[in-house]
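Q: Could you walk me through this model, please? I'd like to talk about its interfaces.

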There are 2 protein chains.
Amino acid sequence: MKRSERLVAMTHYLLEHPHGLVSLPFFTEKFDSAKSSVSEDMTIINVMFQQLGIGELHTVSGAAGGVKFVPSQSVENSERFVDQLAHQLEDPARILPGGYLFMSDLLGDPHTVKQIGQLFATYFAETEIDVVITVATKGIPLAYAVASFLNVPVVIVRRDPKVTEGSTVSINYVSGSSRKIQTMVLPKRSLSEGANVLIVDDFMKAGGTINGMKSLLKEFNAHVAGIGVLAEAEDEEEERVVQDYVSLLQIQHVDEREQRIDIVRGNYFQS
Amino acid sequence: MKRSERLVAMTHYLLEHPHGLVSLPFFTEKFDSAKSSVSEDMTIINVMFQQLGIGELHTVSGAAGGVKFVPSQSVENSERFVDQLAHQLEDPARILPGGYLFMSDLLGDPHTVKQIGQLFATYFAETEIDVVITVATKGIPLAYAVASFLNVPVVIVRRDPKVTEGSTVSINYVSGSSRKIQTMVLPKRSLSEGANVLIVDDFMKAGGTINGMKSLLKEFNAHVAGIGVLAEAEDEEEERVVQDYVSLLQIQHVDEREQRIDIVRGNYFQS
């Protein structure tokens, strides 16, 4: 196979298999090409991926070694994306009764969702993660986007058990904002003992929902490897019950009367 | 920029922007390359994409013309994927009380979900679609996967209104299987008048839920451009209320006593 054709095929394969280890023989056999040629292709792809700001190829040496595409988003791209997202969210037409913000249109755009996923995947690229967890409904697309880049499965926590889930483990927790007692359930066969879990959600105020997920994970003896939220909001009356999280956006102020929203970059950019 | 580098960058760009029209000048400027070189690159990429069975580049002529990557999955790849999925689902350990099948693990795998999305995107590649719609919860990842390949947004129907959605339109419908009256809501600002909508869901028995979505769409004067379900199940006691759908899998028989499941290819493969 010609180099030009190999480059197209390899670029496609690597983009489709992030965080997956590919042995050199896999490519040499697939493309019927010499090891030296495939190695040179890898170098070209690695340089271009870094130039495009989408990640890089990591070489794993040894007998079981190979190459691994680790997706990441450059700081420059990330800042531009988040600033643009903040700008879109500051539109006063988004203000809903109670000072909530309408975000469904942005979360409904697969391209935006993918970019959010890429940012969290960048942040947690070096963290040991076995599964991404979220609670229905709005966090679901974000969880899949992150999981897709990290090459791990998604598990969805529900508010109510469903017959199609089999036996479930359920907990009650106190919602931070409303102080109401709520329920969360997770199918018994969805998580293995000791799994490293990344919690992803769209929004966090006091953190009651995320705290609920943490309690639920305890029931499975799972380990919380990280917490990522798209937007966090300040809540004067409540003390935040979750501390160790990463946010892309911080909603500082939603003024219904003055129709004004202030959104800044989240703590993602503070490290 | 060298051809080898351009091929990596263009392959990445096209894969990231399915169904998006790219003008030739966009690439010549981006890569500081001659029109003839970029044209040759396009030919190489087009041939390889077809050889990989992942789609092809369509040329749109005229002043506003350019090239468009239309993703599709080859029949061979599709059949192999669906047969494997059927095989995985036929595992008796999946049988739940009531003859339901546990599918959450498969729907929790981003790679599987992506492939399902690709199949529906192949089927509806030539259909005018403005938005993909699904009902919470299990259809959500599938809807995003399809929408991502079709380059359109996703809208999620809920069972209950939420304060973060703003004002909503709601309908009552009769669930086909249980004959219970249920509710569905959709935020008022989520759909524009006359939109062409593709309905996607994970499972269909009598079709009550999908029929509910159709009624809801009527309230928005939206047009149902297509219906895609991952798995359909036969239901002897009910008459199916939805006819014009496409399914990847057909669950023919779930025998709790004999611990036996029969699954065949859906009507996707009958055309």
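Q: How much area is buried between domain 1 of chain A and domain 2 of chain A?
A: About 600 Å² is buried between domain 1 of chain A and domain 2 of chain A, and carbon and sulfur atoms give 50% of that; buried area here is the accessible area (1.4 Å probe) that two parts lose on being put together, summed over both. This is a predicted model, in which local features need pLDDT of at least 70 and side-chain atom pairs count only at pLDDT 80 or more, while totals for chains, interfaces and linings use all residues. Residues are numbered from 1 along each chain as its sequence is written, chains are lettered from A and ligands numbered from 1 in the order in which they are written, and side-chain values use heavy atoms, with hydrogens and water left out.

Q: Which three residues supply 69% of what domain 1 of chain A buries there?
A: They are A:Pro18, A:His19 and A:Pro71, which supply more of the area that domain 1 of chain A buries against domain 2 of chain A than any other three residues.

Q: And where do the domain bounds fall in chain A?
A: Domain 1 covers 3-71 and domain 2 covers 75-270, with bounds that come from an automatic or database domain assignment. The C-alpha centres of these two domains of chain A lie 33 Å apart.

Q: How many salt bridges does the rule find between those domains?
A: Zero salt bridges are found across the interface of domain 1 and domain 2 of chain A, a salt bridge being a side-chain nitrogen of Lys or Arg within 4 Å of a carboxyl oxygen of Asp or Glu.

Q: Switching to the chains, what is the salt bridge count between chain A and chain B?
A: The count there is two. A:Lys114 forms a salt bridge with B:Glu16, and the closest N and O atoms are 3.6 Å apart.

Q: How many residues does each chain bring to that contact, and what area is buried?
A: Chain A and chain B bring 51 residues each, where contact means heavy atoms within 4.5 Å. The area buried between chain A and chain B is about 4,400 Å², of which carbon and sulfur atoms give 67%. A:Val8, A:Tyr144 and A:Arg189 supply 14% of the area that chain A buries against chain B, more than any other three residues.
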